[in-house]
Amino acid sequence: ILMFSLGLTTSCDNEEDTIAEIIVVNQEGTRVQGAEVRMFGQGTVDDDQVGDIAIDRTTFTNSNGIAEFDFTDDYQPGQSGFAILDVEIMFDSPTGITGATGVLKVVEEETTRKTFVLEP
């Protein structure tokens, strides 16, 4: 019985977390706390049409300048890839509003990181 249960536990494929980390820095390279980060993406209907927004989440960077998004519950095992998401960042600083935009390919069952530089 012990050999059978050992075989079951080693053959099960545990799902890893699917995390996206957005690192926000200013033009001097200093990490920015309190920046608003939005990640969103539209589903596809066919080759010519995009569907409704499938993912739309917003959070703020922490004291290390990192906004973390956990997509573990959105990823379905066996799915081919996860998502390419748009990123919008806004920061209201004492000198004015700065921001950044771009895209991030979120890799399933990994932590994907990308740094964005705020522009005036």
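This is a short tour of the structure, stop by stop, with something to select at each one. Keep in mind that the model is predicted.

**Stop 1: the whole chain**

Start with a cartoon view of everything. The chain has one helix and seven strands. Trace the chain along its sequence, and the order reads α-β-β-β-β-β-β-β. The helix therefore leads, and the strands follow.

Now switch on the surface. The accessible surface of the chain is about 8000 Å². Carbon and sulfur atoms hold 49% of that surface. How many of the 120 residues, as a percentage, count as buried? The figure is 32%.

Contacts come next. Take the contacts in the chain with a separation of 6 or more. Of these, 55% join residues 24 or more positions apart.

**Stop 2: the core**

Select Ile22, Met39, Phe71 and Ile89. They belong to the largest nonpolar core, which has 23 residues, and they touch the most other members. Next, colour the elements that give two or more residues to this core: strand 1 (19–25), strand 2 (36–44), strand 4 (66–70), strand 5 (83–93) and strand 6. Which strand gives the most? Strand 5 does, with five residues.

**Stop 3: Ile89**

Keep Ile89 and hide the other three. Leave aside its neighbours within four places in sequence, and show what Ile89 is in contact with. The list includes Ile22, Val24, Ala35, Glu36 and Val37. Ile89 also contacts Thr98, Gly99, Ala100, Phe116 and Leu118. Thr98 is the next stop.

**Stop 4: Thr98**

Select Thr98 in strand 6, which spans residues 96–106. Is Thr98 buried or exposed? Thr98 has 17% relative accessibility, and buried means under 20%, so Thr98 counts as buried. Now show what Thr98 touches, without residues up to four places away in sequence. You should find Ile89, Met90 and Phe91. Leu118, Glu119 and Pro120 are there too.

**Stop 5: a network of charges**

Turn to the salt bridges. The structure holds four of them. Select Arg38, Asp56 and Glu88, which are linked in a network of salt bridges.

Begin with Arg38 and Asp56. Their side chains meet at 2.8 Å, N to O. Arg38 is in strand 2 and Asp56 is in strand 3 (residues 50–60), so this pair links distant parts of the chain, 18 residues apart.

Move on to Glu88. Glu88 forms a salt bridge with Arg38, and the closest N and O atoms are 3.4 Å apart. Here strand 5 holds Glu88 and strand 2 holds Arg38, with their positions 50 residues apart.

Check the surface at each partner. Arg38 is partly exposed, at 23%. Glu88 is partly exposed as well, with a relative accessible area of 34%. Asp56 counts as partly exposed at 42% relative accessibility.

**Stop 6: one more pair**

Finish by selecting Asp74 and Arg57. What joins their side chains? A salt bridge does, at 2.3 Å, N to O. Asp74 is in the loop between strand 4 and strand 5, while Arg57 is in strand 3. The two are 17 residues apart and link distant parts of the chain. Asp74 is partly exposed, at 31% relative accessibility. Arg57 counts as partly exposed too, at 28%.

Terms used: Residues are numbered from 1 along each chain as its sequence is written. This is a predicted model: local features need pLDDT of at least 70, side-chain atom pairs count only at pLDDT 80 or more; totals for chains, interfaces and linings use all residues. Side-chain values use heavy atoms; hydrogens and water are left out. Helices (H or I, at least four residues) and strands (E, at least two) are DSSP runs, numbered from the N terminus. Buried means under 20% relative accessible area, exposed over 50%, partly exposed in between (1.4 Å probe, protein chains only). Contact means heavy atoms within 4.5 Å. A nonpolar core is a set of buried Ala, Val, Leu, Ile, Met, Phe, Trp, Tyr and Cys residues joined through side-chain atoms within 4.5 Å. A salt bridge is a side-chain nitrogen of Lys or Arg within 4 Å of a carboxyl oxygen of Asp or Glu. Accessible areas come from the Shrake-Rupley method with a 1.4 Å probe; for residues, only the protein chains shown count as cover.
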